[in-house]
Amino acid sequence: MSVRYIIIWVFVQLIFVPGALAIADEYTLQRKQMIEGIADDVRKTAEHINKKSFNDIVMQAMDVVPRHEFVPQNLHSQAYENRPLSIGYGQTISQPYIVALMTDLLQPEPDQHVLEIGTGSGYQAAVLSQLVAKIYSIEIIEELGNSSTRLLDRLGYGNIETRIADGYNGWLQHAPFDSIIVTAAISHIPPPLVQQLKKGGRMVIPVGSRFQTQYLTLVDKDMQGNVTTRQVLPVSFVPFTGGH
Amino acid sequence: MTDNQTATPPLVSIFILSAAALAYEVLLIRLFSIIHWHHFAFMVISLALLGYGVSGSLITVFRRWLLDNYDSVFIANTLLFGITSILCYIAVQQLPFNALEILWDSSQWQRLLLSYLLLTLPFFFVANAIALTMMRFHQKIALVYGIDLIGAGIGAVSIMALLQIFSPDVVLRILGISGIAAGLFAMGLFTSGLSAPGNLSKRQKQITASVLLMCMFAIAMTPQKWLDLRMSEYKGLAQTLLIKDASLRFQHTSPVSQTDVVQSPLIPFRHAPGMSLQSPKGPPEQLAVFRDGDEMTTIDHVTDRASLEYYDYMSSALPYHVHSLPQNTLILGSATGAQILQAHLFNISQIDAVEPDRQLSLLITDQFADYYGWQHLEDKVTIHTTSSRGFASSEKNYDLVIMGPPGASAGGSVGVHALSTSYDYTVEALQSYLKLLAPDGLLSITLWTSTPARGNLKLFATAVSAMKNSGIIHPENNIAWIRSWNTATLLIKNTPLTAKEIHNVRSFNQSRSFDLAWLPGIEQHEANRFQQLQEPVFYLAAESLLKQPPDQFGGRFIHEYKYDIKPATDNTPYFNHYFRWSSLEEFLSLPGQAGISMIGVGYPTLLATLAQSAVAAFILILLPLVFVRTDKKEDANKRHNIIIYFLAIGLAFLFIEIAFIQKFTLILSQPLYAVAVTLCAFLIFSGLGSLYVQHRMKTESNAIIPVILRRSVILIGLITVCYVVLLPLISSMIMSLPETARITSAFILAAPLAFVMGMPFPIGLATLQRTRPHLIPWAWGINGCASVLSAILAVLLAIDIGFNGVMLCAVVLYFTAWLSQTKILSENE
């Protein structure tokens, strides 16, 4: 019996694996195109984000993570377009350029611990997992948090720890963090998160609607513990003209 | 059996249908404002109203058959209105349309188009019934039109009353059943022999009556879950209810909004706009309050004073630190009471709070009074249910006048309110608030910030303009302006800030890591320390606006800024509108659909609505001409004049009606009253004007037609110009009167103008009736298309030239119509 199953298995592999490989190649190609698109957007917005290109390691991480795995099946074909996509529960997976920009603003290092408020699809955590030692990610919608946890486990992202909880209080057990990324809508910067940010650490908060990031807030905590915020406009637009 | 002269049109049915159709339109806007967002609701319903245009075109083509079977067709249309009013709403709810994704996903446009088509159907059937009746009873065309208008006027008031009493789904059933009831009334009339000869046999009548009754029963029995609102999953309420253990504690619907109160015990709400990073603690447990499923505000659970201390770390706390001993405070727009708690924290002994939405006040004084701690506040707080402007006409004096967050939502920052008028933030409004201040009093206005800056800059420009109009020669000495991470607070005095007050502002800012935007003696390096912008835009704007020569206020800066930040006035009360055409090319060139985040969604939606309506109207107006019989007498030139006439009066009627809704908003304090009173008054008095035309045509010869038209157009012109000049004065006199007197005054003011405005349309139809009766439905369709275009154009024009300009445009259009009618009449002769 077992020999017969092995033969069937080999037969099935012979039929389907070449197709699967072709699809995988297709996604790899689309990812390359996505990376080129991001690099192009960075050049266009260089004046506002104060750099002409993102850190190479950020672009490499974006090039590795299979974004199509993080979107619903029916949207796989659009996964690598430079646009946000709906993932259900009224949530979206951010457009690749914004994910790359947020990741770059965090200035990730291999030994860092990062806190993410709003796991969502898990894509941002997956990108960061290529660059830092450990990611702690909190989601408040239980079903979404559970599905993204299962997905991250399935894809083998072992350095991401998730939980369903209130992100406002951070994750005291694992604090302080080198960086914090907040993807939930907030009316103020939660004091517990500032407290759980290491001196010299950074926090990034995108502001806008689910399908349109208007700007990003970068929170810096200096080595003396003083906190300042800086706004980063992800598009090239200066409202002043003339002699201002 | 009766002949055409003495036949009775189904006037009761027309009345009911018109009332139901207008009520249905208002109801759909209400429902889709909850399901999606108001500006998309406006777009969808505007396009759906083109059903009137479609009707005119189709009747023009198939008029013979339709008129031959008038009785059956009329009843069928009433029945179809009743059925489709329910079914189309259910069908549209099934479409997975996501308004937010429309720029990214082309399939959303297909769903949007399908929504238009489905929602067009009910209006199409109503329009058929009315237009066919006009043709069938052509001797009484003005009578039918008059009853149509009066019915619509009653419908405008009825829907407001119905939505006060019933939930929207019940109202939807009532309207559907009303439509079919109109069919039953018509059947009764057709059977009685009072109407013209019928085409239904006795057995057909019995079957028809049974079908009508069964459909009414079916509508009444439609399963509730089919009619339940399927709110967009991207709205705040929908997302909040996904949180574990979050639950709806309270729901209330009104003609203005749906109010939902949500509790989330596991993951509590913590709403504190712009709270300082230096705050030792966050807000207490809160309930979330949503209006139309979005625009979240909160109700604090007040346990002790310590739970309110976070209010001291918001930029809006500035006035309490600057004024030495404030005793009495006026809060304009108190919403769910956050500013009241802030004033309470600072021991203010007397608080007047103004909130136009009574339901929001009831949440803190009644439904959640214990939670909010109202018992500790009621002795010193008085809540007034009126508008800020209405209250500002009082003679009282206050140490502090407060506006804006805490508690308010940030909807304006993404442009969803771009098309909403607001009389609370105009130059005239700020002047009236400054008059309320005691000698050392402070006016404090807090707004959310946006990036790039726009709303706050417009507020600053408006405030400086108001101060100059109030006789303050050097406003730069009387202003303090600070900003937090996402709010900015503007402080204004009628007298210069003292050295102590300036010191207090600096201390407050320093201790809370807020930045200065303007203060007498400010230096640029103080303007961008803690919450760093790419440029210190607030300071640069303030400096530019304040340092302009007095006769060139804001000139170059306002002119060159890429957003429209010129002061809002009562004539152009679009405080949240910032779009400038000169920036459009740059917005469009931004990659990744980023331009929309720079513009906001409101104005582009309006432009998209106009573009779609114009294309549809163009097709609907010209298409029937392909099928219409032409003869030598009827050349293209004559048809052009007919188009001009009906297009002009259709545009002009709504121009004036919409301008009056705005003018009456100031008088009546409540936008809801303004809409109800204006629609009701204009439609009823216009209906009476049409009946007057019917009476004159019945008693006198046709020669009277040009005389009535000439007189009515001249009167419209004269009355409108008088109102443009005198309404501000009349408004200021009426605003302080009791509510009943203000509503009565508004009715009286609308009556003469509305009466004469009701004449040109039936006159035009009567003229056509004499020479080209086959074009009556076409003219009806043109008028329908014009009405749709007019509602959109009026807003677009008002943003640039103000509502006075819109009214004057209407006068020009009426005179244009008169000229074209003169040509039509001379051609006939």
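Here is a short chat about a predicted model and the terms used to describe it.

Author: Local features here need pLDDT of at least 70, side-chain atom pairs count only at pLDDT 80 or more, and totals for chains, interfaces and linings use all residues. Residues are numbered from 1 along each chain as its sequence is written, while chains are lettered from A and ligands numbered from 1 in the order in which they are written.

Reader: What makes α8 of chain B a helix, and how many residues does it have?

Author: A helix is a DSSP run of H or I with at least four residues, numbered from the N terminus. α8(B) covers residues 202–220, which is 19 residues, so it counts. From first C-alpha to last it reaches 27 Å, close to the 27 Å expected; the expected span is 1.5 Å times one less than the number of residues.

Reader: Why are B:T208, B:L212, B:C215, B:M216 and B:I219 called buried?

Author: Buried means that 20 or more other C-beta atoms, placed from the backbone, lie within 10 Å of a residue's own; 12 or fewer is exposed, and in between is partly exposed. Those residues of α8(B) are buried, so each has 20 or more such neighbours. Exposed ones on the other side include B:K202, B:R203 and B:F217.

Reader: How do you know that the buried residues line one face of α8(B)?

Author: Look down the axis: they fall within an arc of 100 degrees, so they line one face. The arc is that of the directions from the helix axis to the C-beta atoms. What covers them includes α4 (70–94) and α7 (168–192) of chain B.

Reader: Why do we say that β1 and β2 of chain B pair?

Author: Strands (E runs in DSSP, at least two residues) pair if DSSP finds at least two bridges between them. β1(B) and β2(B) have six, in the antiparallel sense, so they pass. Within that pairing, B:H252 stands opposite B:T259.

Reader: What makes β1 and β4 of chain B edge strands?

Author: The open sheet has the order β1-β2-β3-β4, and β1(B) and β4(B) each pair on one side only.

Reader: How do you know that β9 of chain A pairs with β13 of chain B?

Author: Two bridges join these strands, which run parallel, and at least two are needed, so they pair. A:R230 has B:Q532 as its bridge partner.

Reader: Which residues make up the contact between the chains, and how many?

Author: Residues are in contact if their C-beta atoms, placed from the backbone, lie within 7 Å. The contact takes 43 residues from chain B and 45 from chain A. The largest share of chain B's side, three residues, comes from α22(B).

How values were computed. Two residues are in contact if their C-beta atoms, placed from the backbone, lie within 7 Å.
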